[in-house]
Amino acid sequence: MMPLDSLPEELLIQILGHLSIPDIIAVRETSKSLAGVTQEKIVWLHALRNLIIHNYPIPGLRGRSVLDLDHHELEKLALNAYEYRRNWTSAQPAYSRRIEIMSPSPRTAAAQHARILSIQFLSHRSRQLLLCLTLLDQAAEAPRSTALECWDITSQPARCIASLIVGSFASMVTNDVSSSPATLALSHASSAAGINAGTRTTTYAIDLGSSNASTSFVAIASFASLRYPNKLHENMFVCSDHTTNVMRVIDACSGDLLYSLRVPLIHDDPTISLEEFACLGVTFWREYILVFRQTWIHLYRLNEDQATTAATTESSGSTFQQELHPIAKHKWQWPIDSLAVEVANHTAIHTYPELASVEPRLMHSSRDIPPPVNIFVRFDSWYPWPVNILHHFILESNANYTAALPSTVDNVPYLFSSLSGEVRGPQLKDSVTSPMRLFTPSHIAMGRFGTAVWIDAETSTPGQAGDLGQRVAGRLLSTRLRSRHGNTSWATTGSNRTLNGQERGGLVAVLNLEANIEFAGNEYGIEDPMMVFAVKEEESTWNRVAVDDAEGRIAIGSTEGRVIVLDYALP
């Protein structure tokens, strides 16, 4: 048998490209000549490529070009990414750094009580940021106010680099596209009276070069809006009001009213508002908006041909709006208490395009086929607490969708009609016990790489709520559905049709590539692991959770104005 180290270097590099990272290290230890081959830059580019094909995040890259890094830096990135995922998906991940933040900072004597309303991670090149929105109960009879702060959590210690005080209760959403001008939108009650009373929203950018934290939030636009901010996507801000059946899509940079999203009338009376239409979540795919309501999912298309124009008297900038009606819908069997939703857009490939360029089949694949959508829900109940089970649903995408054709019941990316004529709604993938206790806060969040995290009341006995305390648990969600025959398949339904004589690529091509690349030791499994990130046997003060699974961080907010940040990636 020919010794391995006697093979041509080009062939050895191809062989190493099909090995897992531990196997590459094992090959390195067999001989000096093979050790030299494992130090080639292309070997570690291929190793990183294999990781992103299986949707592994690469913490620490932070905007740097992988093509400019040497083999030592690439090897460190690959090893850290591999070890981070092994730690992240273990039963009890071990954090490498713990940060505690008191918001607002400094805490003034006038603020007798502070409660975290929202926490969100942001990434900006080499800096990792955390936004904290905190409700302040003032002393004596002073009115409430809300503090918005941006913390640089990469510095030692973490420091507040931007701060803003709003003189009323406020709520916040951050932009899911980091390159957009508007970083966040802050909605609060207007101080005006009469016709201008109501809710106003201001969009902000963050001046990271400013030395004055009080001026680092830079206002972009301020406009009339609805009470609840639901989504900020590129330049589109989506808001709703539970007292009406209307949602609005507003230009985040100009304040112009773009669209009104209507719901089907049930009682033929537009003044009747039903709780089942309350908006719990919004996600975008291209020109489509999926709106997740308490008992409904509605799909809208932002297309002028399918919109009607109506006059409006709102003072949000424009005098005309386009009214959109759902082009597809699905009704849940039970009302929803809380929800987290994320498009499973094979994030690693889109996040690290330079690594994808190492594999030509990734770069030449089309993006016409919509990705499936992960939905993580807790249903409501008749009792004062929600159901003690979390459910993972997958909203399948339509592999036969063709963007160039008009929208029909079978040519929409989601909620399309099957051959039987039934709408293809969310498919149940799995359920997780998540016990709740009366008046115990709960919250769900989901990361871009498919990590769902939540707060519940289980502390010691599996499946049961403890007398005191809370835990932060998580699960890495995959979009593979198990069929009745026991095998797995991606949640993209329909044949891989041809268009203009060529096979349609996109997600199907990427996933077929993943299925065809095998690794020793089953290092890249597809099981959905369950993790417990934190447990405390004390008072139930945790009320908010955020996750950045691209960099390996969890943030836990409390009713005491305290935020704990846990880092799980290697420094």
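Reader: Which residue takes a positive phi just after helix 4?
Author: Asn 55 does, with a phi of about 60°. Helices here are DSSP runs (H or I, at least four residues; strands are E, at least two), numbered from the N terminus. This is a predicted model, where local features need pLDDT of at least 70 and side-chain atom pairs pLDDT 80 or more, while totals for chains, interfaces and linings use all residues. Residues are numbered from 1 along each chain as its sequence is written, and side-chain values use heavy atoms, with hydrogens and water left out.

Reader: What makes the positive phi of Asn 55 worth pointing out, given that it is not a glycine?
Author: Most residues other than glycine have a negative phi. Asn 55 is not a glycine, yet its phi is positive. Asn 55 sits in the loop between helix 4 and helix 5.

Reader: Why does Asn 55 count as buried or exposed?
Author: Buried means under 20% relative accessible area, exposed over 50%, and partly exposed in between (1.4 Å probe, protein chains only). Asn 55 has 17%, so Asn 55 is buried. Glu 234 has a positive phi too, of about 55°, and belongs to the loop between strand 10 (228–233) and strand 11 (236–240). With 38%, Glu 234 is partly exposed.

Reader: How do you know whether the span of helix 4 agrees with its 13 residues?
Author: The expected span is 1.5 Å times one less than the number of residues. For helix 4 (residues 41–53) that gives 18 Å, and its end C-alpha atoms are 19 Å apart, which agrees.

Reader: What makes helix 4 mostly covered?
Author: Of its 13 residues, 11 are buried. Among them are Trp 44, His 46, Arg 49 and Asn 50.

Reader: Why is helix 4 called roughly parallel to helix 5?
Author: The axes of helix 4 and helix 5 (residues 71–88) cross at roughly 25° and come within 9 Å. That angle makes helix 4 roughly parallel to helix 5. Under 35 degrees counts as roughly parallel, over 145 as roughly antiparallel, 65 to 115 as roughly perpendicular and the rest as oblique. Axes are lines fitted to C-alpha atoms over the stretch in contact, with angles from 0 to 180 degrees between N-to-C directions.

Reader: What makes Phe 533 and Tyr 568 an aromatic pair, and which geometry does the pair have?
Author: Rings of Phe, Tyr and Trp (its six-membered ring) pair if their centres lie within 6.5 Å; planes under 30 degrees apart count as stacked, over 60 as edge-to-face and the rest as tilted. Phe 533 and Tyr 568 are 5.3 Å apart centre to centre with 70° between the planes, making the pair edge-to-face. Phe 533 lies in strand 33 (residues 530–536) and Tyr 568 in the segment after strand 36 (562–567), so the pair ties together parts 35 residues apart in sequence. Both Phe 533 and Tyr 568 are buried. They also belong to a cluster with Tyr 84, Trp 88 and Tyr 95, linked by ring pairs.

Reader: How do you know that the charged end of Arg 85 sits over the ring of Tyr 56?
Author: The distance from the ring centre is 4.4 Å. The rule asks for NZ of Lys or CZ of Arg within 6 Å of the ring centre and within 35 degrees of the ring normal.

Reader: Why is the peptide bond from Gln 156 to Pro 157 notable, with omega near -5°?
Author: Most peptide bonds are trans. The bond from Gln 156 to Pro 157 is cis, and Pro 157 lies in the loop between strand 4 (145–152) and strand 5 (159–166).
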